Amino acid sequence: MIIDQVISACENFGFFQVVNHCVPKILMDEMLEKIYMFNEQSAERKSSYISNFDLYKAPTTNWRDTYYCYMAPTPPKTEEIPIILRDTMMEYSDFMEKLGLELFKLMSEGLGLTRNYLTDMECAKVWALICNYYPECPQPELAVGKSKHSDAYFLTILPQDNHISSLQVLHKNQWVDVPPLHGALIVNVGDILQSTNTLHLFNVFFFKQIVSNDRLKSVEHMALANLEHPRASIGCFFDGSYLEQPTRKYGPIKELLTETDCPRYREMTSYEYIAHSYEIGLKGKYPLTKFKL
């Protein structure tokens, strides 16, 4: 049963691939192609949109440029999105929202909660699309595409670029390659979902680890730099109510606690967690450690 498969993957791996979903392959391919087109423009045309937030802070260079855009709860004005990305991104975002809501419902049922439990907690209320572009790296041994990290959100959904494999996931203390599967979407649990309680949720995969009191696992992963070919990705990150209610507290879901399974994390605001996550950056540190009881 799909619910059992989803919850088993979240509990044991923190990562899984989704096929036979609602998102057309042609749209996924077009979205990735538009990211290439946008980033391969002249610097003058794209510089006001992209960033590399930890370029001068991280111990290892993250060889990528990023464009991000919050799509909910208030969508951006059309003219605020780069024209190359505009139409495709708006269509793609509609599919991501529908898929995200369905995944939250499956996870709720898999945890033994009511179907709308996680959505009623507003896990999917705020979310963003983050477009990464990884150019060819002349010395990939001196850089990474993206340093090892876990996501500080409730949930992340992304298609892999079909041109080259670079995603690695840490499983049983071994880095495991995740080969791209055309048309599949990668889903990973965030920190907040690993640890949250009914007082509320935050970063989908780490946040999911928090609210689930470690039942669901947020997993460290990274992207390798490469010499042969540029690579693109577009991640959909569900942040809960971070923008609208930065003082709202999250902790392990009370319905998941027992006399022998006590809370493993203290309550925190989404702002507190996100700020800490940004503070340590992509430095290979585990953000959840600070909040453990």
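Proline 73 sits in the loop that joins strand S3 (65–72) to helix H4. The peptide bond leading into this proline, from alanine 72, is cis, with omega near 10°. Most peptide bonds are trans. The model is predicted, and its chain contains eight helices and 14 strands. Of the 293 residues in the chain, 56% are buried. Among contacts with a separation of 6 or more, 72% join residues 24 or more positions apart.

**Helix H1 and what covers it**

- Helix H1 runs over residues 2–12, and its buried residues are Ile3, Val6, Ile7, Ala9 and Cys10.
- These residues lie on the same side of H1, because they cover an arc of only 155° around the axis.
- The cover over the buried residues of H1 includes strand S1 (15–18), helix H4 (83–110) and strand S10 (185–189).
- After H1 comes glycine 14, which has a positive phi, near 75°.

**The second largest pocket**

- Rolling a probe the size of a water molecule over the atoms shows where empty space is left.
- The second largest pocket holds about 230 Å³ of space.
- The lining of this pocket is made of 14 residues, and those closest to the centre are Ile2, Val6, Phe16, Val18 and Leu103.
- H1, S1 and H4 are the elements that give two or more residues to the lining.
- H1, S1 and H4 come up twice here: S1 and H4 are part of the cover over the buried residues of H1, and H1, S1 and H4 each give two or more residues to the lining of the second largest pocket.
- Val6 also comes up twice, as a buried residue of H1 and as one of the residues closest to the centre of the pocket.
- Sorted by class, the lining has nine nonpolar residues, four polar residues and one charged residue.

**Positive phi outside glycine**

- Most residues other than glycine have a negative phi.
- Asparagine 20 has a positive phi, near 55°.
- Asparagine 20 belongs to the loop between S1 and helix H2 (25–39).
- With a relative accessible area of 81%, asparagine 20 is exposed.
- Glutamate 122 also has a positive phi, near 70°.
- The loop that holds glutamate 122 lies between helix H5 (117–120) and strand S4 (126–134).
- Glutamate 122 counts as partly exposed, because its relative accessibility is 22%.

**Helix H2**

- What span should H2 have at 1.5 Å a residue? The expected value for its 15 residues is 21 Å, and the end C-alpha atoms are 22 Å apart, which agrees.
- The buried residues of H2 are Leu27, Met28, Met31, Leu32, Lys34, Ile35, Tyr36, Phe38 and Asn39.
- Two of these, Leu32 and Ile35, are in contact with serine 233, and Met28 is touched by proline 159.

**Serine 233 and proline 159**

- Serine 233 is part of strand S12, which covers residues 231–240.
- Is serine 233 buried or exposed? Serine 233 counts as buried, because its relative accessibility is 5% and the cut-off for buried is under 20%.
- Apart from neighbours within four places in sequence, serine 233 is in contact with Leu32, Ile35, Ile130, Cys131, Asn132, Tyr134 and Leu158.
- Proline 159 belongs to strand S7, residues 155–159.
- Proline 159 counts as buried, at 1% relative accessibility.
- Which residues does proline 159 touch, not counting those up to four places away in sequence? They are Met28, Tyr92, Ala184, Leu185 and Ile234.
- Proline 159 and serine 233 are 74 residues apart along the chain, and their C-alpha atoms are separated by 6.8 Å.

**Proline 138**

- Proline 138 is placed in the loop between S4 and strand S5 (143–144).
- Proline 138 counts as exposed, because its relative accessibility is 59% and the cut-off for exposed is over 50%.
- With neighbours within four places in sequence left aside, proline 138 is in contact with Trp63 and Leu227.
- The C-alpha atoms of proline 138 and glutamate 228 are separated by 9.0 Å, and the two residues are 90 residues apart along the chain.

Conventions. Residues are numbered from 1 along each chain as its sequence is written. This is a predicted model: local features need pLDDT of at least 70, side-chain atom pairs count only at pLDDT 80 or more; totals for chains, interfaces and linings use all residues. Side-chain values use heavy atoms; hydrogens and water are left out. Buried means under 20% relative accessible area, exposed over 50%, partly exposed in between (1.4 Å probe, protein chains only). Helices (H or I, at least four residues) and strands (E, at least two) are DSSP runs, numbered from the N terminus. The arc is that of the directions from the helix axis to the C-beta atoms. Contact means heavy atoms within 4.5 Å. On a 1 Å grid over the protein atoms alone, a cavity is a set of points where a 1.4 Å probe fits but cannot get out, and a pocket is an open set with protein on both sides within 12 Å along at least five of seven lines; lining residues have an atom within 4 Å of a point. Grid points are joined across faces, edges and corners, and a volume is the space filled by probe spheres set on the points. Ala, Val, Leu, Ile, Met, Phe, Trp, Tyr, Cys and Pro count as nonpolar, Asp, Glu, Lys and Arg as charged, and the others, Gly among them, as polar. The expected span of a helix is 1.5 Å times one less than its number of residues.
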